[in-house]
Amino acid sequence: QVQLVESGGGLVQAGGSLRLSCAASGRTFSRNVMGWFRRAPAKEREFVAALSWSGGSTRYTDSVKGRFTISRDNAKNTVYLQMNGLKPEDTAVYYCAADGVSRRNSIYVTADVTQYDYWGQGTQVTVSS
């Protein structure tokens, strides 16, 4: 059974930092795109960041560019999201996701939610003003 388990969420003041982790089990994702999405209260789920399996290509939503960094450790089957300069509008449940297709293209990356087949249960991030 494939599982993605997020951790690292919490309550932080504006300007603070958090590091989210997503540990995968049940299969390896070393050749798969990994991403982070979020859902704020009363809003649709939105793309945050994604990373190619090689780590050589990334994509971010405009609102987090320069503040968030996605990374991965394929040996640990884990993806991370370092969040700096947090703002109240970053408050949301953050979800880790994995593309179910192993890619030959080492720099392929996508923000398309329909390309992600596996999802974690989410971790709450709350940023106070």
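What follows is a chat about a predicted model and the places inside it where residues pack or leave space.

Biologist: Before we start, what should I know about how the values were made?

Modeller: This is a predicted model, in which local features need pLDDT of at least 70, side-chain atom pairs count only at pLDDT 80 or more, and totals for chains, interfaces and linings use all residues. Residues are numbered from 1 along each chain as its sequence is written, and side-chain values use heavy atoms, with hydrogens and water left out.

Biologist: OK, which residues have the most contacts inside the largest nonpolar core?

Modeller: They are Trp36, Leu81, Met83 and Tyr94, in a core of 27 residues. A nonpolar core here is a set of buried Ala, Val, Leu, Ile, Met, Phe, Trp, Tyr and Cys residues joined through side-chain atoms within 4.5 Å, where buried means under 20% relative accessible area, exposed means over 50%, and partly exposed is in between, using a 1.4 Å probe and protein chains only.

Biologist: And which strands supply at least two residues of this core?

Modeller: Strand 3 (18–25), strand 4 (34–39), strand 5 (46–51), strand 7 (68–73), strand 8 (78–83), strand 9 (92–99) and strand 11 (123–128) each do. Strands are DSSP runs of E with at least two residues, numbered from the N terminus. Apart from that core lies another, of seven residues, among them Phe37, Phe47, Val109 and Tyr116.

Biologist: What does Leu81 touch?

Modeller: Beyond its neighbours within four places in sequence, Leu81 is in contact with residues including Leu18, Leu20, Trp36, Val48, Phe68, Ile70 and Tyr94, contact meaning heavy atoms within 4.5 Å.

Biologist: Val48 is in there, so is Val48 buried or exposed?

Modeller: Val48, which lies in strand 5, is buried, with a relative accessible area of 0%. Not counting residues up to four places away in sequence, Val48 touches ten residues' worth of listed partners, among them Trp36, Phe37, Tyr60, Phe68, Leu81 and Tyr94.

Biologist: Switching to strands, how do strand 1 and strand 3 pair?

Modeller: Strand 1 (residues 3–7) and strand 3 pair in the antiparallel sense over five bridges, and two strands count as paired if DSSP finds at least two bridges between them. Val5 has Ala23 as its bridge partner in strand 3, while Glu6 has Cys22.

Biologist: Where do the side chains of strand 1 point?

Modeller: They alternate, with Leu4 and Glu6 pointing to one face and buried, while Gln3, Val5 and Ser7 point to the other and are not buried.

Biologist: What else does strand 3 join?

Modeller: Six bridges join strand 3 to strand 8, and the two run antiparallel; here Ala23 has Thr78 as its partner in strand 8.

Biologist: Any empty space? How many cavities of 30 Å³ or more are there?

Modeller: A search of the whole structure finds one, with about 40 Å³ of space. On a 1 Å grid over the protein atoms alone, a cavity is a set of points where a 1.4 Å probe fits but cannot get out, and lining residues have an atom within 4 Å of a point. The volume is the space filled by probe spheres set on the points, which are joined across faces, edges and corners.

Biologist: Which residues line the largest cavity?

Modeller: Phe29, Ser30, Met34, Arg72, Asp73, Asn74, Asn77, Thr78 and Val79 line it, and strand 7 and strand 8 are the elements that give two or more residues.

Technical notes: Helices (H or I, at least four residues) and strands (E, at least two) are DSSP runs, numbered from the N terminus. On a 1 Å grid over the protein atoms alone, a cavity is a set of points where a 1.4 Å probe fits but cannot get out, and a pocket is an open set with protein on both sides within 12 Å along at least five of seven lines; lining residues have an atom within 4 Å of a point.
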